[in-house]
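Trainee: I have a structure open and would like to practise reading it feature by feature. Could you walk me through it?

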Amino acid sequence: MYRIDNGSAAASLPASTAAGTAGYFTDGDPLTSIAPTILPAEWLNSIMLENLNVLAAASITPVKNQFDQLALAIAKLITDGTAILHGQCQLSIISSNIKLIPYNGNKLLIGGVAHAIPSAGIMLSSGGASANTLYYVYAFMYGATMTLEISGSGYVTDSSTGVLVKNSDSTRTLVGIVQTDGSANWMLSRSWFNDVKTSEYLYFSANRSTTSGSFTELNSEIRVNFLAWESDRCIITLNGASLIDAGVGDSGYGGMGIGIDGSNPDDNACVTVGVSDNGALASDDWQPTSITLHASNLTEGLHYATVMAKATISSGSPSIVVKGSATSGERTTLTVSCGV
């Protein structure tokens with residue numbers, strides 16, 4: 001494959017003619033006075049340039065006397081993924097930065113063009129970010145350099161490519177979300193591509209109790225923060241022990257469950273606690289307690305899961321108590337898992 005280079009070749013591409021009626025080639029028929037189709041230079045130039053552009057996309061230099069270059073170029077584009085692959089990357093927090101790295105390839109569509117993600121990845125510090133803020137993370141091309149930016153602006157689907165891009169700016173491709181903490185440092189992140197299941201947990205370091213007649217958070221030390229995509233199904237589990245601590249003349253029972261963002265627990269994520277201790281907790285008073293919540297249809301962004309409890313008192317002032325400890329294996333733990 002090569003560009004025409006004989007003495008009759010034009011030095012520059014001739015201007016295109018106006019579009020005519022689409023048709024087909026014919027050899028003509030002298031018996032019926034049908035003339036054969038003329039092959040204009042314009043058509044031949046288009047075929048030549050179409051083929052040469054395929055070679056250029058595959059970084060193959062055209063040469064004479066080689067007649068498989070177009071086939072090699074197509075095979076290379078497929079192998080490299082330039083022609084069909086997108087989203088071969090993963091976003092995460094590395095040290096104090098967010099970082100986009102290649103993953104099972106290195107291609108990402110930006111502005112409708114497949115670009116290679118640098119082998120060392122792309123990093124972005126939290127400098128300039130605000131505290132306690134959710135940001136969308138986008139990749140874009142700054143000249144020839146792939147770059148990350150954070151924005152409060154959400155994403156839409158680019159109708160021409162099907163790629164999720166920044167709202168009103170199709171040159172920015174969505175790669176993830178990130179949340180800052182109270183000191184404006186990166187706290188949590190989720191990758192849009194090749195998302196890995198996140199699993200966070202916390203526990204009660206000491207027994208926690210309440211006599212509240214309405215659901216209340218037992219203690220914020222077990223509050224687990226997590227980021228959710230709109231399409232996520234999150235599994236939240238509580239494992240530990242609980243009881244009702246009742247003194248002489250006290251009677252009642254308790255309710256306990258998993259609450260999202262401090263809300264009352266759903267019916268499918270709560271238990272009734274009715275085992276009483278008469279004011280002197282002992283190891284044989286604790287009752288195993290396990291709750292699982294499958295949470296979906298959450299709004300996209302930051303949430304937290306926590307333990308909510310209430311005491312239903314018949315007489316006196318019994319309290320609902322949940323087991324805590326400084327020793328692993330002897331305490332109540334709350335775990336949140338989101339993603340694939």
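**Reading sheet, cavity and surface**

Mentor: Gladly, and keep in mind that this is a predicted model. Let's begin with a strand pair: β2, residues 97–102, is joined to β5 by four bridges, and the two run antiparallel. As one example of the register, N97 sits opposite S125 in β5.

Trainee: In what order do the strands of this open sheet come?

Mentor: Strands count as paired when at least two bridges link them. Here three strands make an open sheet, ordered β1-β2-β5, with antiparallel pairing. β1 (89–94) and β5 (122–125) are at the edges with a single partner strand each, so one side of each has no neighbour in the sheet. On average, neighbouring strands are turned by 20° against each other, direction ignored.

Trainee: Now the interior. How many cavities of 30 Å³ or more does the structure hold?

Mentor: A cavity is a space where a 1.4 Å probe fits but cannot get out. The structure holds one of 30 Å³ or more, and the largest cavity has about 30 Å³ of space.

Trainee: Which residues line the largest cavity?

Mentor: L109, I110, G111, G112, D158, T161, V163, V165, S170 and T173. The elements giving two or more residues to this lining are β3 (107–110) and β10 (169–180).

Trainee: And on the outside, which residues make the nonpolar surface patch?

Mentor: Residues in a patch have over 30% relative accessible area. In this model F25, L39, W43, L44 and I47 make a nonpolar patch of about 470 Å². Find F25 in the segment before α1, the helix spanning 41–57.

Definitions and conventions: Residues are numbered from 1 along each chain as its sequence is written. This is a predicted model: local features need pLDDT of at least 70, side-chain atom pairs count only at pLDDT 80 or more; totals for chains, interfaces and linings use all residues. Side-chain values use heavy atoms; hydrogens and water are left out. Patches are made of residues with over 30% relative accessible area and no salt bridge: like charges are joined within 9 Å, nonpolar side chains (Val, Leu, Ile, Met, Phe, Trp, Tyr) within 5 Å. Accessible areas come from the Shrake-Rupley method with a 1.4 Å probe; for residues, only the protein chains shown count as cover. A salt bridge is a side-chain nitrogen of Lys or Arg within 4 Å of a carboxyl oxygen of Asp or Glu. Axes are lines fitted to C-alpha atoms, for helices over the stretch in contact, and angles run from 0 to 180 degrees between N-to-C directions. On a 1 Å grid over the protein atoms alone, a cavity is a set of points where a 1.4 Å probe fits but cannot get out, and a pocket is an open set with protein on both sides within 12 Å along at least five of seven lines; lining residues have an atom within 4 Å of a point. Grid points are joined across faces, edges and corners, and a volume is the space filled by probe spheres set on the points.
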